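Let's take a walk through this structure together, from the inside outwards. Keep the model open as you read.

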Amino acid sequence: MFSKLLRIHPSLGLSYATSRGAALSKPLVALESTIITHGLPYPANVETAKACEEAVRDAGAVPATIALLDGFANVGLAPRQLERLAACGDRDGSKTKEEVVKAGRRDLAAVLARPDVIGGTTVSGTMVLAQLAGIEIFATGGIGGVHRGAQDSMDISSDLTELGRTPVSVFSSGVKSILDVARTLEYLETQGVGVSSFNRSGEFPAFYTAKSGHHVPAVDSPRQAAEIIYAARTLGLDSGHLFGVPIPSKFEPAGQAISLAVEQAVRESEENGIAKSGKDVTPWLLKRVTELCPKALENNTALVVNNAKVAAQTAVELQKIRADRDTKIYPSAVPDKATQKATSIIESATDTAQINASSVTGPQRKLPRAGTLVIGAAALDVTAQGSKDAISSGTTYPGRVITSPGGVARNMAEAATRLLRTYEYHAVQLIAPVGEDAAAVTLRQAMEASFMRADGLRISKRVRTPSVVLNLDESGDLHGGIADTEALEESDADTSSRLAARLSSPIPLTIGLDANLQEEALSKVVDSVYGVQTKRRSPATAVLYEPTSVAKAPRLIGALHKIKEKYKNDPNVRHIDVIAMSAEDGKDPIGCWLRNWTTFMTPNESEVAAIHSEAYKLGLLPWNADKVVFRSPIVHGEVEKKAQELSALVSGAILVKMGSKGVLVARSGLDSDNYEPMILSRLCPPPTRVTPDTELNTTGAGDTFAGAMLALCHVSMQEGFHPRLWDSVHWDMAIEIAQRAAALTLDSAQAVSPLLESHLGQEVLKFGLFLRGDPEASIH
């Protein structure tokens with residue numbers, strides 16, 4: 001089973017130990033699997049694999065053996081998976097009948113396309129997958145190289161070209177002694193690959209012996225090796241580095257005898273034609289050398305375990321260097337490559353020719369069902385900024401016009417997507433209406449450039465893609481604008497039916513809504529979620545509502561009231577919670593159900609008042625306050641009082657965004673002593689270390705806060721932990737992450753900061769670990 005904690009790439013399956021190590025920023029060391037499937041006989045292969053992993057752990061790092069199994073690239077293997085690979089190395093074939101191949105870079109796709117085939121990853125294949133998983137250090141026995149007679153056969157291992165284009169550092173005992181060491185080093189130089197030796201003399205090791213007669217720069221410790229790796233990553237080099245680790249001295253005396261066996265095996269391979277058989281030659285030679293000199297097996301095991309130990313020691317030192325030098329300074333909002341690409345796409349999209357539906361939806365790919373849906377508005381924002389004279393002149397003036405993707409739901413979806421990318425790919429799907437026009441094409445391309453999925457855009461020929469034009473003066477103050485939101489106001493039966501169909505089984509675990517949806521559409525969502533939760537007799541979905549604006553904020557209350565009226569006489573409505581909201585007798589089951597439908601609301605201070613007023617107007621408030629214990633005094637005026645009363649309408653909390661003052665959290669629950677209903681509220685100030693000096697993007701910051709809470713809900717639900725069960729520690733961690741996300745966007749020129757993943761992706765993973773009760777998981 002793969003861990004749900006870290007899904008960094010759709011084709012990678014990470015073990016729990018590996019994902020936990022990544023989430024806690026522990027040093028990781030990749031290990032290959034060809035040595036298990038093709039290099040060593042059974043049972044020496046599995047014993048060696050386990051010894052390598054143990055050596056890595058003893059040095060303070062986390063081992064990640066890589067192999068292709070069941071159509072997935074597994075990064076980190078369970079013991080039973082190691083045994084399964086090892087059975088492939090059984091020489092008489094009695095332990096397995098599974099087809100197994102050596103998988104280098106060129107073979108990865110072909111093997112993954114055949115789940116019935118096992119792939120033992122070579123050095124090149126392991127490097128590719130290690131880089132995808134974010135692992136920088138890899139230990140093996142010996143790398144492939146230039147074969148003897150390559151001037152005629154052109155037999156050169158892909159390991160060498162991989163070292164030239166993949167930034168993974170490889171620790172090996174040089175190249176296999178059956179190869180041409182001199183030509184291998186020359187080829188590595190041509191590829192721009194740095195080569196170093198742990199021999200103090202700088203002599204490059206020759207696998208079974210510590211000396212090859214060829215010299216390279218020397219390193220004297222794992223710390224120095226780590227400094228080289230750190231410097232290479234700082235420079236942004238795209239190539240790897242090869243570290244030669246000599247065989248432990250106690251095993252070197254047998255090296256001469258093994259070398260003679262190697263020479264004999266090479267001669268035999270030339271005589272019997274094996275030397276011309278490509279990838280089969282190395283396994284044959286290793287097997288023949290072991291037959292000629294049994295001590296070769298012992299030496300082979302010793303050197304690969306030692307390489308794993310040195311690699312792990314280097315990984316630990318590299319982590320220490322990063323901790324000392326990579327200071328956590330709040331950065332300016334420098335767009336990443338994807339954001340720059342998105343901006344380029346938007347600015348170049350000026351073609352107003354006829355657009356068809358396929359242009360809007362883009363290439364059709366079969367994506368997995370999203371665990372989180374965000375439903376609401378996606379729009380194209382056009383911001384025009386000029387002088388005050390230009391705003392009121394009645395003619396054209398020079399200025400600046402910027403086009404960017406926007407819309408509350410779209411912003412929430414982007415924030416959640418960026419924060420979840422190191423946890424799960426394709427986790428978030430945006431459901432939003434667009435027209436069949438150039439604006440929709442631009443919007444879709446910008447979304448995909450920001451790693452978002454665009455398969456939830458709902459295309460209609462009857463409407464235009466929502467767009468907003470804002471007029472700003474030179475100081476950035478708004479002087480008016482025009483919003484074309486016809487598509488958002490469409491609430492016909494067809495739209496509502498399609499929305500209900502998408503919410504059919506299996507229902508998403510997390511749903512985010514913005515108030516741009518009409519009451520009818522919101523009612524459809526309520527009805528769909530209610531049906532599933534009634535069948536399961538408990539809340540099956542976490543729902544977050546972003547009120548969007550004062551005018552639109554009450555729409556959810558109206559939708560809830562409609563559903564309440566629909567089901568008020570339904571005998572199947574179940575009491576799911578003990579907090580009642582009826583003004584008459586405190587036993588209204590519909591009120592109990594309403595509370596469990598919505599998990600979060602994220603209004604600002606003005607929106608709280610609007611929602612509260614509508615709830616009173618429609619009879620959802622007041623509830624029976626005599627039966628509830630108020631554990632928190634009112635210290636923030638009417639806003640806190642109204643938030644406390646509204647908290648009985650949600651199973652999670654009312655999260656009031658109060659600008660620079662922070663976030664007011666109002667939530668209801670049960671007293672741990674007597675199980676009486678109670679209300680808690682408190683203000684969570686923003687983390688001072690990430691509060692920017694200049695506020696640039698207050699609207700986007702609020703959407704990012706809501707999107708971050710949605711991402712944390714997604715993680716919690718995936719870990720089997722409904723947010724209504726969070727305690728005060730969970731709330732503190734979640735609110736801090738969400739506020740830090742909002743602060744990043746606050747200081748960004750983009751609608752959502754492109755820095756969310758790099759700065760907070762690990763914190764989201766740690767939150768998942770904390771939900772599992774991991775004592776090492778904490779937010780920094």
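We begin with the packing of the interior, then turn to a strand and to some backbone details.

Keep in mind that this is a predicted model. Its largest nonpolar core holds 63 residues, and L430, L655, M709, W726 and F767 are those with the most contacts inside it. The biggest contribution comes from helix α26 (residues 698-718), which supplies eleven residues to this core. A second core, separate from that one, has 55 residues, including L77, A139, V245 and A254.

Now pick out L430. Apart from its neighbours within four places in sequence, L430 touches V374, A378, A409, R410, A413, M447, G456 and L457.

One of those contacts, V374, leads us to strand β11 (residues 372-375). In a regular strand, side chains alternate between the two faces of the sheet. In β11, T372 and V374 lie on one side, L373 and I375 on the other, and all four are buried, so both faces of the strand are covered. β11 runs parallel to strand β14 (residues 428-435), joined to it by four bridges, and it also pairs in the parallel sense with strand β18 (residues 510-514) over four bridges. I375 stands opposite I431 in β14 and opposite L513 in β18.

Finally, the backbone. Most residues other than glycine have a negative phi, and most peptide bonds are trans. Y42 and P43 are joined by a cis peptide bond, with omega about 5°; P43 sits in the loop between α2 (34-39) and α3 (44-58). H426, in the loop between α17 (408-420) and β14, has a positive phi near 60°, and at 23% relative accessibility it counts as partly exposed. T548 has a positive phi of about 80° and lies in the loop between β19 (542-546) and α22 (555-567); with a relative accessible area of 22%, T548 is partly exposed.

Technical notes. Residues numbered from 1 in each chain as written. Predicted model: local features only at pLDDT ≥ 70, side-chain atom pairs only at ≥ 80, totals over all residues. Heavy atoms only, no water. Core = buried A, V, L, I, M, F, W, Y, C linked by side-chain atoms within 4.5 Å. Buried < 20%, exposed > 50% of the residue type's maximum accessible area, 1.4 Å probe, protein only. Helix = DSSP H or I, 4+ residues; strand = E, 2+ residues; numbered from the N terminus. Contact = heavy atoms within 4.5 Å. Pairing = 2+ DSSP bridges.
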